[in-house]
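Reader: Could you walk me through the terms used for this model, one at a time? I would like to see how each label is earned.

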Amino acid sequence: MSVRVRLTNWLHRQWQKKGWFSVLMRPLSVLTGFFVRRKRQRYENDPHASYRSPVPVIVVGNIIVGGAGKTPVVMALTEQLRALGWTPGIVSRGYGVDIGPAPRVGQGQLAATQFGDEPALLATQTQAPIAVHPRRALATQALLQTFPAVDLIISDDGLQHLALQRDMEVVVQDARGVGNGLLLPAGPLREGPERLHQADWLISQVVADQPPPATPQAPESGRSLTMSLRPYQVEHLASGRRIDWAAWLTEYRHQDLQALAAIGQPARFFTMLRACGLQLSRTFPLPDHAALQAQDFQGLHEGPVLITRKDAVKCQHLNDPRLWVVDVQPVFSRPDWIAELDSLLRERRSTSPSLPGVQ
């Protein structure tokens, strides 16, 4: 386990309680709170400081640092809203990549080194047009210019990016909930827990049917649900062979299995696999967005190595016969929530075409 992963795990343990570390960091958290409030007031007082897209915008984000499960929600929204008649496009920051002054726009099979691992994954899996840039307003404009048929923008992350107005906010959290309820660096929050009260939807990711995290502020709308990720397919990365999850279990579950993940919460991936009945002899957590190379797999034995689809977009060049990609699909406690979101979105746009994005 790398030093960075150990430090990240230690921080998340500290952020689940109000111990000595949080006490020491509390003055800095007060400063964080000041800047968060000042930023929000700026956009509330000056609507012209933010960009209003000519098409609706849905932001999928979180208030806690680290991966909380946004990507599968973005995928589900993109695919199901397309089935409901929309032509969605996706904007993202392109984390880990030096984008430069101009947004990068593409569709289909995109290079993770050019767009970032999550945007490359989203583009491949959904086939939706995608644009990346730290300034999401620029990404949105470039996307609409290149793909004029797009009539709906889904922002992957960007809840705190108030320079892009939004029609709908979907907040995702995991078992950490709001941690100790404190802002960075005394706690894990980018905004205070009361921010959850303003969201349109709150989705809590649970693992192996565990109870959802306790939430001090549910959305004012009352629209809360849970999501669990379930494997449905495994792909042998080197050959492209795809096997149904149940069939793969029958064939491989008794082998010496390993798992590697370079995501925000690697332990969640390992826990999901174990909950499915797998015995993992070794697990290798790596930092989120880590660029995977052949040397990262040198410490693994010759048995199958299970990886996430997000990591697979960075491993195509390795041609390592040990790698198996686990494809998952979200299972929502309210299967009709996206249909309800669709109805609400259409209603809002028809009655308030200039709806302000900052709530």
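Author: Gladly! A pocket is an open set of points on a 1 Å grid over the protein atoms alone, where a 1.4 Å probe fits, with protein on both sides within 12 Å along at least five of seven lines; lining residues have an atom within 4 Å of a point. This is a predicted model, where local features need pLDDT of at least 70, side-chain atom pairs count only at pLDDT 80 or more, and totals for chains, interfaces and linings use all residues. Residues are numbered from 1 along each chain as its sequence is written, and side-chain values use heavy atoms, with hydrogens and water left out.

Reader: What makes up the lining of the second largest pocket, and which residues lie nearest its centre?

Author: The lining has 19 residues, and Ala 112, Thr 113, Ala 291, Val 313 and Lys 314 lie nearest the centre of this pocket.

Reader: Why are H3 and H10 called roughly perpendicular?

Author: Helix H3 (residues 70–83) and helix H10 (residues 337–351) pack at about 65 degrees, taken between N-to-C directions of axes fitted to C-alpha atoms over the stretch in contact, on a scale from 0 to 180 degrees. Roughly perpendicular covers 65 to 115 degrees, so H3 and H10 earn that label.

Reader: And what makes H3 and H5 roughly parallel?

Author: Their axes come within 10 Å and cross at roughly 30 degrees. Angles under 35 degrees count as roughly parallel, therefore H3 and H5 are roughly parallel to each other.

Reader: How do you know which residues of H3 meet H10?

Author: Contact means heavy atoms within 4.5 Å. By that test, Val 73, Ala 76, Leu 77, Gln 80 and Leu 81 in H3 meet Trp 337, Ile 338, Leu 341 and Asp 342 in H10.

Note on methods:
Helices (H or I, at least four residues) and strands (E, at least two) are DSSP runs, numbered from the N terminus. Angles under 35 degrees count as roughly parallel, over 145 as roughly antiparallel, 65 to 115 as roughly perpendicular and the rest as oblique.
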